[in-house]
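Reader: I'm new to this one and would like to get a feel for its charged side chains. Could you walk me through them?

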Amino acid sequence: MRPDTSHWRDNDSYDYFDTLPIEGLAWECLRRHEPYQRHYQALLTTRAEKAPFHPETQRLWGLRFPGQAGFVRLGARRSVVA
């Protein structure tokens, strides 16, 4: 599960970050988070990786949000998520 960090100084290794949607960027950050890695490893160990996460677990990892998407700046005319 641990990402390959051997080329962390190579800028070309991160070019894809420039084209990621916000969800992709969030996933890239989450998958590098050690507590999430431990949680995921526990799912694999118990063979529960295909079971749906409990709603509290979804909120813990930011996979679900408690309310509607709102405006992100003054004067915004649309919500964050279409």
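Author: Here come a few questions and answers about charges in this predicted model.

Reader: How many salt bridges are there?

Author: To count, a side-chain nitrogen of Lys or Arg has to sit within 4 Å of a carboxyl oxygen of Asp or Glu. With that rule, the count comes to three.

Reader: Which residues are linked with Glu 28 in a network of salt bridges?

Author: Let's take the pairs in turn. Glu 28 meets Arg 31 at 3.0 Å, N to O, and Glu 28 also meets Arg 32 at 2.6 Å. So Glu 28 takes part in both pairs, and the residues linked with it in the network are Arg 31 and Arg 32.

Reader: Is Glu 28 buried or exposed?

Author: The cut-off for buried is under 20% relative accessible area. Glu 28 has 10% relative accessibility, so it counts as buried.

Reader: Where do Arg 59 and Glu 56 lie?

Author: These two form a salt bridge, with the closest N and O atoms 2.7 Å apart. Arg 59 is partly exposed at 40%, and Glu 56 is partly exposed at 48%. They're three residues apart, about one turn of the helix, and both lie in helix α3.

Reader: Which residues gather in a patch of negative charge on the surface?

Author: Start with Asp 10, which is found in the segment before α1. A patch residue needs over 30% relative accessible area and no salt bridge, and Asp 10 has 35% relative accessibility. The residues that gather in the patch are Asp 10, Asp 12, Asp 15 and Asp 18.

Definitions and conventions. Residues numbered from 1 in each chain as written. Predicted model: local features only at pLDDT ≥ 70, side-chain atom pairs only at ≥ 80, totals over all residues. Heavy atoms only, no water. Patch = residues over 30% accessible without salt bridge, like charges linked within 9 Å, V, L, I, M, F, W, Y side chains within 5 Å. Areas by Shrake-Rupley, 256 points an atom, 1.4 Å probe, with all protein chains shown as cover. Lys, Arg positive; Asp, Glu negative; His and termini not counted. Charge placed at Lys NZ, Arg CZ, Asp CG, Glu CD. Helix = DSSP H or I, 4+ residues; strand = E, 2+ residues; numbered from the N terminus. Buried < 20%, exposed > 50% of the residue type's maximum accessible area, 1.4 Å probe, protein only.
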